[in-house]
Amino acid sequence: MRSKRYTFARQNHRLSKMKTAYVLVDPTGGRLTSMAAVSIASLRDLHPDWPVQVCVDQDSEATVSSSLSHLDVDVRVIPCEQTQDMHKSREIKTSLIKRLTRPFLFLDIDTLVLRDLSLLVGLPGEFLIAPDSNQRKRRIRDKPELEEWFRLRGWPVADMVAVNSGVWIARKADSVDRLGELWPKLWREGITDNPMDQPSLWTAVVQSNVDLNLIPDRYNALVLRDPKLMRTAHVAHFIRSLALGGSLLDDAVESYRATGVYPRQLIQAAIRRSDPWRQNAEPWMYWKSGHFTKAAIEKGRRMLRLRANAIT
């Protein structure tokens, strides 16, 4: 028998368009703006009528408005007290629930929408979000590296499944109002040189008693942590792509910066390959994706090339 949640989603998958929000702090209009453009274009490729709102700081407004004008987005300035770009970004992100009209879907700029999101926006719940690290059974108390972080702030360790703030939906509800007030407040209290937004979100979720719905991993698939998730991912989240330099998102951003065109064929090819890596990836990347034969073949080719070069 189909679950009630599945039936609800099937009945509501053709709901009206879902506003989608991004946060972008990039006064120079550099790589982060290109990354946001690629992410927005991937969303628009599947949902061309969904309105997109890009929330920026005052310093980024002019460059972002100019750089993203071809994508027909609404650029909204959010006042910031912080001065560092990363801190501004987190300040804006944590305040979105109380600043934007709900419901809306939030996407981090290091995401690519690969498959339809209609069933996602039809799911029930007041606040919809995916587990962190795609681990549905890992609770925050199982993260010993964060215990000291909570203790120094005098906060109890939130007793809940750790969730990832890269993809979520906020709807109209009193409990979400409370969450929207608590998240930025707790983030300001807990801010450090590394302005993480997730511990304050976890604490705000517990204190607000919000109706939390854990959405399927495919809607926030951390594909560099578990590349096999690319096989079913609707939203691929390249959470470490800036450091790795070998992902599909890196490839897509570089292509976009060179041509100014959304690299649809490049992304479709990666979907067919079911891996999150750039073209002509390293053998270990294919191995990590579960493409063992391809990894072995590529490794063999590279060894033959090295042998040939040594002979010549």
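Here is a short tour of two nonpolar cores, a helix pair and a buried arginine.

This is a predicted model, in which local features need pLDDT of at least 70, side-chain atom pairs count only at pLDDT 80 or more, and totals for chains, interfaces and linings use all residues. Residues are numbered from 1 along each chain as its sequence is written, and side-chain values use heavy atoms, leaving out hydrogens and water.

Let's begin with the cores, meaning sets of buried Ala, Val, Leu, Ile, Met, Phe, Trp, Tyr and Cys residues joined through side-chain atoms within 4.5 Å. Buried stands for under 20% relative accessible area (1.4 Å probe, protein chains only).

| Core | Size | Residues including |
|---|---|---|
| Largest nonpolar core | 55 residues | Val54, Leu68, Leu105, Ile267 |
| Another core, apart from it | 35 residues | Ile78, Trp155, Leu179, Val205 |

Helix H2 (residues 31-46) supplies seven residues to the largest core, the largest share; helices here are DSSP runs of H or I, at least four residues, and strands are E runs of at least two, numbered from the N terminus.

H2 also meets helix H10 (residues 248-259): their axes, lines fitted to C-alpha atoms over the stretch in contact, come within 9 Å and cross at roughly 105°. Angles run from 0 to 180 degrees between N-to-C directions, and H2 is therefore roughly perpendicular to H10, a label for 65 to 115 degrees. Among the residues in contact (heavy atoms within 4.5 Å) are Met35 of H2 and Leu249 of H10.

Finally, Arg102 sits in the loop between helix H4 (85-99) and strand S4 (104-107). Arg102 is buried, at 12% relative accessible area. Its side chain makes a polar contact with that of Asp177 (2.4 Å); such a contact is a pair of N or O atoms within 3.5 Å, where, within protein, one must be able to donate a hydrogen and the other to accept it, and residues adjacent in sequence count only if both atoms are side-chain atoms.

How values were computed: Buried < 20%, exposed > 50% of the residue type's maximum accessible area, 1.4 Å probe, protein only. Parallel < 35°, antiparallel > 145°, perpendicular 65-115°, else oblique.
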